[in-house]
Amino acid sequence: MNHFDVIIIGGGPAGMQAAIRLGNFNYKTLIIEKEKSIGGKLTQWDKLFPDFYSAEELLQNLTRQLNENVSILTEQEVKDIENTSENEWTVKTADGQYSSKALLIASGYDFFNAKRKEEFGYGIYPNVITSVELEAMIKNGKITTLDGRIPQKIAYLQCVGSRDEKVGNHYCSINCCICAVKQSIEVKELLPDVEQYCFYMDLRMAGQHYEELYRTSQEKYHVQFIRGRISEAASTFDNRIQIKAENTLLSTPLKLTVDLFVLMVGMEASETTRFISQKFNISNEYGFLQSKQRYCSDNETEIKGLFLAGTCKRPMTIPKSLKDGDAAANAIFDYLKNR
Amino acid sequence: MKDFGYSISKGRTLNYDNSDFSLKKTLEHDVVSYCRCIGCGACASTCSAAKFTDFSIFKCNMLFRNAKYDELEQELSKCMLCGKCTLVCPRGVNTRGMILEMRNLIEKNKNNNE
């Protein structure tokens, strides 16, 4: 049986939340996920900001709510999508062909490839890592340098791949500022003697309890926030990383050697998101998907029966992605009812 | 012909690797709110002393964080301890207490080094 009411491309938080709602509306729903399991980027995260809620627990909660109307296909990459006739969508994967009355895109984002910012030395020096790799260390409860030492000094750099004209991304990725605050607190709890420096251009704590967590990180965890963007990083003979920046609040250059240098990588449209945005010509200036209208029809597109949810549109936090999944399910309900 | 020819400029770069941050750690402990400064400058903007001298309180905070005590000592002497800055700080920094404690710590540090 390859016919469904709704096909959802992408089984991350937005796709899962939409599937929960659509399942509850009694629509036969199919999630197509390219990874081994659903959950999206949640599977790579340990705890969520700003309340340290367990990512695993959230994933279990979401999975539990999926009812029998929802089928899941994993390890299936979308090869092609066609709007075969009015109100009919066909999705081809390597193994099969599936059709539906409505199509929901929840294909999400990918992390910025930090190698593109060569001056920070990612992929060149072993102790330059991304926030994603740091999160994996936090998840394992063990933070070491690549050569197995316990780090004494760690530096974080904000806006790697975001707010940077040089890589073509003018936008802010929203999550990284508060994520560095969260991670620095977790690292300090694992390594009480560590000294941490966070380099920023602006700190954007634009969410409930974000600012409070930032204060806590300064006051209780003594994370030092330095306004200034690191210009370059170089390795020392013993594999530590020497960084150069300007302390713009003092108008003075500074240099500092750290054991781990963490790049807070931003969010970019995922490969599938780019494929779809090009295919249907609904790409915004960065390859994300453009909704019909930002205020009142943010889940609809100019194409009938094609809906959007989550970070395939723009960077979003997890709670926002979940709400967007809900909103998309409601929009699809209205569409199928009036069809 | 004293000003003739070239000389070598002293580097301006703050080197965190060989700076001594021990005073900073004491202040973090004694005036906890000191850590919360975000350098907004509200303190400097309301400061009576700043109207007549180039005194800036948040800059004192930044200098202290960066262990630039020589410059700081002169700066701190400009403060009249009126406390207006404490009233305006959005982060609740005990600026007046911070300045007093900085003066004490730097003085003690100097005596220890002599």
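The following conversation concerns a predicted model with chains A and B.

User: What is the secondary structure content of chain B?

Analyst: Chain B of this predicted model contains 6 helices and 1 strand. Along the sequence, the elements of chain B follow the pattern β-α-α-α-α-α-α.

User: And what are the box dimensions for the C-alpha atoms of chain B?

Analyst: Roughly 50 × 30 × 25 Å, taken along the principal axes.

User: How much of chain B is buried, and what area does chain B expose?

Analyst: Of the 114 residues in chain B, 46% are buried. The exposed area of chain B is about 6,800 Å², with carbon and sulfur atoms supplying 52% of it.

User: What share of the chain B contacts with a separation of 6 or more comes from residues 24 or more positions apart?

Analyst: Such residues account for 69% of those contacts in chain B.

User: How are the charges of chain B placed?

Analyst: Chain B has 17 positive and 13 negative charges, and the mean positions of the two groups are 7 Å apart.

User: Turning to the sheet with strand 1 of chain B, what is the strand order?

Analyst: The order is 14(A)-15(A)-16(A)-1(B), which is an open sheet of 4 strands with mixed pairing. Strand 14 (232-235) of chain A and strand 1 (14-15) of chain B stand at the edges; each has a single partner strand, so one side of each is left without a neighbour in the sheet.

User: Which sense of pairing do strands 15 and 16 of chain A adopt, and over how many bridges?

Analyst: Strand 15 (residues 241-247) and strand 16 (residues 252-258) of chain A pair in the antiparallel sense over 7 bridges. Within this part of the sheet, A:Ile243 stands opposite A:Leu256 in strand 16 of chain A.

User: How do strands 14 and 15 of chain A pair?

Analyst: Strands 14 and 15 of chain A also pair in the antiparallel sense, over 4 bridges. A:Ser235 has A:Ile241 in strand 15 of chain A as its bridge partner. The two strands form a hairpin with 5 residues between them, and A:Asn239 lies in the turn.

User: What is notable about phi at A:Asn239?

Analyst: Phi of A:Asn239 is near 65°, a positive value in a residue other than glycine. Most residues other than glycine have a negative phi. A:Asn239 counts as partly exposed, at 29% relative accessibility.

User: Where is A:Cys159, and is that residue buried or exposed?

Analyst: A:Cys159 is in strand 11 (residues 153-160) of chain A. A:Cys159 is buried, with a relative accessible area of 7%. Its phi is positive, at about 60°, although A:Cys159 is not a glycine.

User: Which residues are joined by a cis peptide bond?

Analyst: A:Phe49 and A:Pro50 are joined by a cis peptide bond, with omega about -5°. A:Pro50 lies in the loop between strand 3 (47-48) and strand 4 (53-54) of chain A.

User: Back to the two chains: how much area do chain A and chain B bury between them?

Analyst: They bury about 2,100 Å² between them, 50% of it on carbon and sulfur atoms. In chain A, the residues that lose the most area to chain B are A:Glu219, A:Leu249 and A:Leu250, together 26% of what that side buries. Contacts link 23 residues of chain A with 26 residues of chain B.

User: Lastly, where is A:Asn284, and what does A:Asn284 touch?

Analyst: A:Asn284 is in the loop between helix 6 (271-279) and strand 19 (306-308) of chain A. A:Asn284 touches A:Gln290 and A:Lys313, not counting residues up to four places away in sequence. A:Asn284 is buried, with a relative accessible area of 17%.

Key:
Residues are numbered from 1 along each chain as its sequence is written. Chains are lettered from A and ligands numbered from 1 in the order in which they are written. This is a predicted model: local features need pLDDT of at least 70, side-chain atom pairs count only at pLDDT 80 or more; totals for chains, interfaces and linings use all residues. Side-chain values use heavy atoms; hydrogens and water are left out. Buried means under 20% relative accessible area, exposed over 50%, partly exposed in between (1.4 Å probe, protein chains only). Contact means heavy atoms within 4.5 Å. Accessible areas come from the Shrake-Rupley method with a 1.4 Å probe; for residues, only the protein chains shown count as cover. Lys and Arg count as positive and Asp and Glu as negative; His and the chain ends are not counted. The place of a charge is taken as NZ of Lys, CZ of Arg, CG of Asp or CD of Glu. Two strands pair if DSSP finds at least two bridges between them. Buried area is the accessible area (1.4 Å probe) that two parts lose on being put together, summed over both.
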